[in-house]
Structures are given as C-alpha cells and as structure tokens.
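Please open the structure in your viewer and keep the selection tool at hand. The stops below say what to select and what is there.

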Amino acid sequence: MQFAGSHILSVDQFERADIERVFEVADRMEPYAQRRRITRVLEGAILGNMFFEPSTRTRVSFGCAFNLLGGEVRETTGIESSSLSKGESLYDTARVISGYSDIIAMRHPAAGSVAEFAAASRVPVVNGGDGPNEHPTQALLDLYTIRKEVEHSGRSIDGLRLAMIGDLRHGRTVHSLSKLLACFRNVSLTCISPGELRMPGAIVEFLRSAGHTVTETDNLEEAIGHVDIAYATRIQEERFSSPEEANRYRGRYRLNQAIYTRYCEPNTVIMHPLPRDSRAEANELDTDLNENPNLAIFRQTDNGVLVRMALFALVLDVAEQVADHETRVTWYTGKRFND
Ligand code: CP
C-alpha cells in the first residue's frame, strides 16, 4: 500500500508486506521511545487527537508517539466537550479540525464514523476505534507484540496457535487482529466465548477461506491447553443494551495463575488489549498473573507507542529521515524500559 498521505481506517488496507514494513519502522523507533535518543523529525507538525469515546492508552499513546517524533498534539475528549453535542456534523468537524492539523487520530462510538470523518478531512486520519467495528492500530501493535514474544522461542506468526477469550462479538480488537492474522500462513485460532458472544461468522469464514483453522468453543480450560497465545478480552459493557445484560456474561471466563499453571503450556504468552476489568465480578485476567513473565500486557502497551510512531512516520513520509533529526537525551531517564 501507499502509506504517504493515506488514511489508516481498516486492517483490510494491509497486506503482509505492509504489515512487515510497519514492523520494520517500529523496530527503528525503539531508541526514541526508550528515551535513549531524541528525534525532532516532525517538529512543527500538529496531531489532532479527537477522542469521542473513553480511552486511556490509545489516546495517550497516539499523543506520546507524535511528541516523541517532535510534533505537537491538540486534543478533544468526549462528545460532551465538543460541538458534536450541539448538533455539529462529522463533516463540519472534519473540515474544521483538518485545517488545524497535519494528521488526525480519532475514536468514536459509531461503526463507520471514522471513515465518514476521513472522507471530509483534508489531512490523513488514523482510526483509533470506531464502535464495535475496527481498531486497526491495536491489531498492529498486538501482532507486533506476538511476533516479538514468540520469536524468543524460535516461532513466528506463520503456524501460530492463538486463543481469543471473552466477548468476541463486540470486541473490535479481536475482529481487527483476526483479519490481520489472515495475511499469514497456517494460523490456528480458537475462539472461546459464550454462544451469544461468538466471533462474527463473516470473520470466521474469512479466516477459513484463507486456509486457516478456526475452532469455536465455550470451554476455556479445554481450549487453552495447546496455544502459543492466550488473548483475553473484557465484556464490552458499552455495546450491550444495559449493564444488566452485560452482567449475564461478566466473570464467565477468568484466567488466573492456577488455571494457567494447570492447563497452559509453560511458555504460553498471555495478552489482553486492556483495559482489563479488575472488578471482583469480572476479573477476566487476574492480578495474580502480574508476576508471570509470560504476561505481555504491558509490553503490548509499550509496543503501541512504537507502532503508532511508525504509522505517523510512514503516513507523513518521514520514516527514512528520523535519524537525520537526532539529538542527545540530557535528562534522567530511569530504568523503566530495562525490565
Ligand atoms: N486498548 C485500548 O483501546 O485501550 P483504551 O480504550 O484505553 O484506549
């Protein structure tokens, strides 16, 4: 694909070579993200960070990634604090914000809304999540993490065995990740969910028609025994008609250290897009896994910065100039990237 000037709206835009290009640029971002060097390659550029739905890591890591490339960030959070709450259209909002920005990252609760916004934008738009539809940058950072985690034991994404657990119907991260996995070879995907929250049939069929194996089950313990990755997800309460309806499924699957020890292979990597729901009635990924070295959830969040830096650099066409704009780090940087 042509990255320069393009919107990043869906994983459907990516072929395997494009994914590998993102990963190659993301690898080169590590010294800047880890505060070993500074680059000012995007000095003067402005990111419009438009988040019309709650977010912690996607919003902050988009901003952080842009700052780490030397750019500045202007943002709005929540529909209620924007003029969308006064009836302004996505079209008008896009025309306005794209006059203030060089690139826009956006999250919105409605499926298709980011594409609608992008159609009116004068600058590239990156989808930070549109309702239950897609979360392409999360899928890219998840796949980047998977690649890094499994290569330690001589494995690759080709031939990967992965289990997705939880609300596979509403979880946009699992939808986007599944479609990206289809670009690789011989993936075995086990979908573990209550019957009502199964992975959409179109995605299952898409994977199968691309030659992959998809198994669907509601039994966690039986299904996580022979996988490289156990990818847990939260019940997406905000996509249900009421909290009471979500309560029917909350707490149905809980991965904890005892279950991991009893059922998983020793090197199974544990992932979750976060936020995990740590309330007692949910707790889909127990905090007693926090010291498990195979828990990759905070490596995922760190990798999110690298992948988002790579996408900004590619879309704004500076990926090969990053090192030309380097300076030294002069402040105390701590040891947070060494563990
Ligand atoms: N993974 C993810 O999208 O997290 P946030 O909702 O906090 O951005």
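Start by selecting Leu-189, which stands opposite Val-214 in strand 8. This is a predicted model. Now extend the selection to the whole of both strands: strand 7 covers residues 188–192 and strand 8 covers residues 213–217, and the two pair in the parallel sense over five bridges. Add helix 8, residues 201–209, to the view. Together, strand 7, helix 8 and strand 8 make a right-handed β-α-β unit.

Next, select strand 6, residues 161–165. Strand 6 runs parallel to strand 7, and five bridges join them. To find one of the pairs, pick Met-164, whose bridge partner in strand 7 is Cys-191.

Which strands make up the open sheet here, and in what order? Five strands form this sheet, in the order 8-7-6-9-10, with parallel pairing. Select strand 8 and then strand 10, residues 269–271, to mark the edges. Each has a single partner strand, so one side of each is left without a neighbour in the sheet. Neighbouring strands of this sheet are turned against each other by 15 degrees on average, direction ignored. In a regular strand, side chains alternate between the two faces of the sheet.

Now move to the other sheet. It is an open sheet of four strands in the order 3-2-4-5, and its pairing is parallel. Select strand 3 (72–77) and strand 5 (125–130), which are the edge strands, each pairing on one side only. Between neighbouring strands of this sheet the average turn is 10 degrees, direction ignored.

Within this sheet, select strand 4, residues 103–108. Four bridges join strand 4 to strand 5, and the two run parallel. Pick Ile-104 and look across to strand 5, where Val-125 stands opposite. Then select helix 4, residues 90–100. This helix lies across strand 2 (46–51) and strand 4, and it runs at about 145 degrees to strand 4.

The next stop is the ligand. Which residues are around it? Select Ser-55, Thr-56, Arg-57, Thr-58, Arg-107, His-135, Gln-138, Pro-273, Leu-274 and Pro-275.

Three distances can be checked in the viewer:

- From a polar backbone atom of Thr-56 to an oxygen atom of the ligand, the distance is 2.8 Å.
- From a polar side-chain atom of Gln-138 to a nitrogen atom of the ligand, the distance is 3.0 Å.
- From a polar backbone atom of Pro-273 to a nitrogen atom of the ligand, the distance is 2.9 Å.

On its own, the ligand has 250 Å² of accessible area, and the protein covers 92% of that.

Finish with two of the residues around the ligand, Leu-274 and Pro-275. Leu-274 is found in the loop between strand 10 and helix 12, and Pro-275 lies in the loop between strand 10 and helix 12 (297–315). Is the peptide bond from Leu-274 to Pro-275 cis or trans? The bond is cis, with omega near 0 degrees. Then look at the backbone of Leu-274: phi is near 65 degrees, a positive value in a residue other than glycine.

Definitions and conventions. Residues numbered from 1 in each chain as written. Predicted model: local features only at pLDDT ≥ 70, side-chain atom pairs only at ≥ 80, totals over all residues. Heavy atoms only, no water. Pairing = 2+ DSSP bridges. Axes fitted to C-alpha atoms, helices over the stretch in contact; angles between N-to-C directions. Contact = heavy atoms within 4.5 Å. Right-handed = clockwise from strand over helix to strand, strands pointing away. Near = heavy atom within 4 Å. Polar contact = N/O pair within 3.5 Å; in protein donor to acceptor, adjacent residues only side chain to side chain. Areas by Shrake-Rupley, 256 points an atom, 1.4 Å probe, with all protein chains shown as cover.
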